[in-house]
Amino acid sequence: MSKEFEGKVALVTGAASPIGLGRAISNRLASHGATLVVVDLNQEKIDQAAKDLENQYGIKALGIACNVTKPEDCDNAITKVKDVFGKLDILVNNAGVLKDNLVMRMSEADFDFVMDVNCKGVFLMTKSATKLILKAESGRIVNISSVSGLTGQPGQANYSASKAAVIALTKVFAREFSGRNVLVNAVCPGFVITEMTGKLPDEVQKKLTDPAVIPLKRPGKQEEIASAVKFFCSDDASYITGTYLRVDGGAAIGM
Ligand SMILES: NC(=O)c1ccc[n+]([C@@H]2O[C@H](COP(=O)([O-])OP(=O)(O)OC[C@H]3O[C@@H](n4cnc5c(N)ncnc54)[C@H](O)[C@@H]3O)[C@@H](O)[C@H]2O)c1
């Protein structure tokens with residue numbers, strides 16, 4: 001395996017779940033030699049994730065408990081990265097939540113909760129990270145959006161709006177940070193079975209894997225999302241900024 005990220009420090013938010021996209025992304029970056037800072041809500045769980053990464057890939061990893069909706073948590077996390085590793089080369093804003101309901105039944109609290117984590121969380125963590133990542137003069141930021149942010153999904157007013165906002169933030173960051181050679185892109189996954197989507201009712205999950213919905217006729221694998229993130233972080237993507245890549249088995253062709 002090439003060690004193309006050796007000497008790079010990467011921070012991935014929402015990386016605690018062993019079957020989550022954040023963990024798969026962390027695994028992929030670690031497998032190419034990156035030092036990993038993994039961030040999630042629960043200290044014990046994220047410490048375990050860091051330990052697993054160290055054991056599996058022989059790299060250095062640090063777990064930090066951080067709620068991305070809290071500016072002081074984001075600042076503390078970045079200060080810790082600076083103290084321990086002295087730099088930050090890659091930021092992956094992956095933390096996210098779902099709280100589906102039809103518009104007529106969706107509470108304001110559920111709308112705000114999802115916008116807070118999925119949209120404001122990306123803004124706050126990126127804002128804190130600028131203190132370090134702009135210094136790298138070759139940094140990469142990858143935001144995890146969703147096809148739901150491109151198509152709009154019934155039952156997901158909050159989620160679709162938040163993920164569309166992530167694409168807008170990606171474009172703003174790409175323009176603002178280009179002078180420091182920090183490239184910013186988004187990945188829009190389709191349907192992947194994780195703790196988040198495992199909670200969806202069976203009939204919704206069945207509908208999501210219907211061949212009429214997904215031309216490739218199956219859910220995505222965590223590793224397939226990680227491949228797109230790895231690409232955006234690699235030298236192969238050195239002239240790409242401010243765009244998004246759908247990894248969705250064709251679910252949102254044309255978007
Ligand atoms: N699974 C899918 O089908 C799918 C599709 C499109 C997009 N996505 C996006 O991919 C990302 C990862 O989702 P997943 O499916 O792996 O779900 P997941 O629930 O396994 O992972 C999300 C992680 O984010 C963490 N998190 C939640 N709120 C947080 C906060 N305030 N601060 C810090 N961490 C927080 C959770 O604890 C969890 O570990 C999310 O942004 C999600 O919206 C997932």
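**Internal spaces, ligand shell and salt bridges**

In this predicted model, the largest cavity is lined by Thr13, Val68, Asn93, Asn94, Ala95, Val117, Gly121 and Val122. The volume of the largest cavity is about 30 Å³, and the structure as a whole holds one cavity of 30 Å³ or more. Helix α4, which spans residues 108-133, makes the greatest contribution to the lining of the largest cavity, with three residues. When the lining of the largest cavity is sorted by class, four residues are nonpolar and four are polar, while no charged residues are found there.

The second largest pocket has a volume of about 190 Å³. A total of 14 residues line the second largest pocket, and those nearest its centre are Lys8, Ser138, Arg140, Cys233 and Asp235. Charged residues do enter this lining: by class, the second largest pocket is bordered by five charged, five polar and four nonpolar residues.

The ligand is surrounded by 26 residues, of which Leu21, Asp40, Asn94, Tyr159 and Thr194 are the closest. Asn94 is thus named both among the residues closest to the ligand and in the lining of the largest cavity. By class, the shell around the ligand comprises 13 nonpolar and 11 polar residues, together with two charged ones. Polar backbone atoms of the protein approach the ligand at several places: an oxygen atom of the ligand lies 2.8 Å from such an atom of Leu21, an oxygen atom of the ligand is found 3.2 Å from a polar backbone atom of Gly190, and a nitrogen atom of the ligand is placed 3.5 Å from a polar backbone atom of Cys66. The ligand taken alone exposes 820 Å², of which the protein buries 92%. Among the elements of the fold, α6 (157-177) and α7 (195-198) are those that give two or more residues to the shell around the ligand.

Charged side chains were also examined for pairing, and a search of the whole structure finds eight salt bridges. One of these is formed between the side chains of Arg23 and Asp52, with a distance of 3.1 Å from N to O. This pair links distant parts of the chain, since Arg23 belongs to helix α1 (residues 21-31) and Asp52 to helix α2 (residues 43-57), the two residues being 29 residues apart. Leu21, which is among the residues closest to the ligand, is the residue at which the span given for helix α1 begins.

How values were computed:
Residues numbered from 1 in each chain as written. Predicted model: local features only at pLDDT ≥ 70, side-chain atom pairs only at ≥ 80, totals over all residues. Heavy atoms only, no water. 1 Å grid on protein atoms, 1.4 Å probe; cavity = no way out; pocket = protein on both sides within 12 Å on 5 of 7 lines; lining within 4 Å. Points joined across faces, edges and corners; volume = space filled by probe spheres on them. Nonpolar A, V, L, I, M, F, W, Y, C, P; charged D, E, K, R; others polar. Near = heavy atom within 4 Å. Polar contact = N/O pair within 3.5 Å; in protein donor to acceptor, adjacent residues only side chain to side chain. Areas by Shrake-Rupley, 256 points an atom, 1.4 Å probe, with all protein chains shown as cover. Helix = DSSP H or I, 4+ residues; strand = E, 2+ residues; numbered from the N terminus. Salt bridge = Lys/Arg side-chain N within 4 Å of Asp/Glu carboxyl O.
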